[in-house]
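Q: I'd like to take a close look at one part of this model and then follow it outward. Could you walk me through it in one go?

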Amino acid sequence: MADFTNQVAFVTGAGSGIGRATAVAFANAGARVVVADINDASGRDTVEQIQKSGGDALFIACNVAESAQINAAVHQTVATYGRLDIGINNAGIGGKFGRLLDQTPEDFNQMMAVNIGGVFYGMQAQIRQMLTQKENGHQSENNVGKVRPAGGRIVNVSSIAGVRGMPMGAPYSASKHAVIGLTKTAALEYVRQNIRINAVCPVYTHSTMVDELISTAPGMEERMRKMIPMGRFGQPDEIAQAILWLCSDGNAFFTGQAIQLDGGMTAG
Ligand SMILES: NC(=O)c1ccc[n+]([C@@H]2O[C@H](COP(=O)([O-])OP(=O)(O)OC[C@H]3O[C@@H](n4cnc5c(N)ncnc54)[C@H](O)[C@@H]3O)[C@@H](O)[C@H]2O)c1
C-alpha cells in the first residue's frame, strides 16, 4: 500500500459514498485529510470515523458550486496543516432521472454548477496553492537531485457517463464529459510544474446516489446490475483504492488520463 505520511489530502464530498471511502483510505495510509462537504452532519461523521482509527482529519463546510467557499476551504486547509499535496474533486449530484425534454433549465444549471463548477473551482484553488510550495515527500528516480518548482496530484471524479451517453441523464452525462475535458486540459497546462491530474470514471457504485437511482422504478437495480459484466456494483473502497494509486509516487509518469472502473462494461 502506498504511504502518504506527511501529506495533506483535500477531499470534496467526503461525507458519503466514494468521497468518504477515499478520505478514510488516505487517512489509513498516513495522510492528514480535509473532509469538505456541504452536509455538516455526514462530514463530521467521516472525521469522527477517521479519528477513532487514530487518523488526523478536519471537517470544512463547503459548497463546491461557490468559488469563494472552495477558495476559503483550501486557505483553511493550509492554515491548519501547512500545505496541500492532494486534491480530490469528488462532490457531485445525480440530478433528475428523465429524458432531455423533461429536464428544466434549473435542473441543467444546478448540475453544471455543482458537477463542473465544483471541479473547475476546486482545481483552481488547489493548483494555485500547489504552485506556491515545493514538492513533498519521496521523489521518483528520475527526479532525484533536481529541484522541483512545485508539486501536487489531483484526481477528479467523472463517471462512465462521462465516456458514453446515459439515457435519462443528459445533464449528468454532459457534466461528467466536461470533467474529463477539464482534467486533460489542466494536466497539460501544469505538467511542467509537476502537478499530475487524472480522473476516475466509475460505473454504478454503492452509495446514496445509486440508492436514489434504484428507487426510481421497480426492477431498476436488476437492470443496472445486468449492464455490468462482473454482475455487481462497485464498492466505494474499490474506487478509493484506484484514486490512491493515481496519487502515489509509484505512478509518477501518469497524467491527463481518465480511467474506467466499470466491472468490464466498456471493454465490449
Ligand atoms: N455512485 C456511483 O454509482 C457513481 C458512479 C460514477 C460517478 N459517481 C460520482 O462519484 C461522486 C461521489 O458520488 P457518490 O456516489 O459517492 O454519492 P453520494 O451522494 O453518496 O456522495 C456525494 C457527496 O457529495 C456531497 N455534495 C453534494 N453536493 C455538494 C456540494 N455542492 N458541495 C459540497 N459537497 C456536496 C454530498 O453531501 C455527499 O456527501 C460524484 O461526483 C458522482 O457523480 C458516482
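Where does Asn6 lie? Please start there and then connect it to the rest.

A: Happy to. Please keep in mind throughout that this is a predicted model. Asn6 lies in the segment before strand S1, which covers residues 8–12. Its backbone deserves a look: Asn6 has a positive phi of about 75°, although it is not a glycine. Most residues other than glycine have a negative phi. As for its surroundings, Asn6 counts as exposed because its relative accessibility is 51% and exposed means over 50%.

A second asparagine makes a good companion. Asn194 has a positive phi of about 65°, and Asn194 is not a glycine either. You will find Asn194 in the loop between helix H5 and strand S6, the latter running over 195–202. Its exposure is another matter: at 13% relative accessibility, Asn194 counts as buried, since buried means under 20%.

Now go back to strand S1, which spans residues 8–12. The backbone nitrogen of Val8 lies 2.8 Å from a polar atom of the Asp85 side chain. Asp85 sits in the loop between helix H3 (67–81) and strand S4. Asp85 is buried, because its relative accessible area is 1% and the limit for buried is under 20%. The side chain of Asp85 has a charged partner too: Asp85 and Arg83 meet in a salt bridge, with 2.9 Å from N to O. Arg83 falls under the buried limit as well, with a relative accessible area of 16%.

That pair is part of a wider set, as a search of the whole structure finds 6 salt bridges. One to compare by eye is Lys52 with Glu48, where the closest N and O atoms are 3.3 Å apart. Lys52 and Glu48 both belong to helix H2 (residues 40–52) and are 4 residues apart, about one turn of the helix. Lys52 is exposed, at a relative accessible area of 69%, while Glu48 is partly exposed at 40%.

Another salt bridge joins Lys96 to Asp107, whose closest N and O atoms are 2.9 Å apart. Lys96 lies in the loop between strand S4 (86–89) and helix H4, and Asp107 lies in helix H4, so this pair ties together parts that are 11 residues apart in sequence. Lys96 counts as partly exposed at 38% relative accessibility, and Asp107 is partly exposed with a relative accessible area of 22%.

Lys96 and Asp107 lead us to a cavity, because they are among the residues that line the largest one. The structure holds 1 cavity of 30 Å³ or more, and the volume of the largest cavity is about 30 Å³. Besides Lys96 and Asp107, the lining includes Gly94, Gly95, Gln103, Met111, Gly169, Pro171 and Tyr172. Two elements give two or more residues to that lining: helix H4 (105–130) and helix H5 (170–189). By type, the lining residues divide into 3 nonpolar, 4 polar and 2 charged.

Tyr172 from that lining turns up again at the ligand. Of the 29 residues around the ligand, those that come nearest are Ser16, Asp37, Tyr172, Thr205 and Ser207. Some contacts use the protein backbone. A backbone N or O atom of Asn90 lies 2.7 Å from a ligand oxygen atom. Thr205 likewise has a backbone N or O atom 2.7 Å from an oxygen atom of the ligand. For Thr208, a backbone N or O atom is 3.5 Å from a ligand oxygen atom.

One last pair brings distant parts of the chain into the picture. The C-alpha atoms of Ile18 and His206 are separated by 8.5 Å, although the two residues are 188 residues apart along the chain. Ile18 is placed in helix H1 (residues 17–28), and Ile18 is buried, with a relative accessible area of 15%.

To return to your starting point: Asn6, with its positive phi, sits in the segment before strand S1, and Val8 reaches the buried Asp85 by way of its backbone nitrogen.

How values were computed
Residues numbered from 1 in each chain as written. Predicted model: local features only at pLDDT ≥ 70, side-chain atom pairs only at ≥ 80, totals over all residues. Heavy atoms only, no water. 1 Å grid on protein atoms, 1.4 Å probe; cavity = no way out; pocket = protein on both sides within 12 Å on 5 of 7 lines; lining within 4 Å. Points joined across faces, edges and corners; volume = space filled by probe spheres on them. Nonpolar A, V, L, I, M, F, W, Y, C, P; charged D, E, K, R; others polar. Salt bridge = Lys/Arg side-chain N within 4 Å of Asp/Glu carboxyl O. Buried < 20%, exposed > 50% of the residue type's maximum accessible area, 1.4 Å probe, protein only. Near = heavy atom within 4 Å. Polar contact = N/O pair within 3.5 Å; in protein donor to acceptor, adjacent residues only side chain to side chain.
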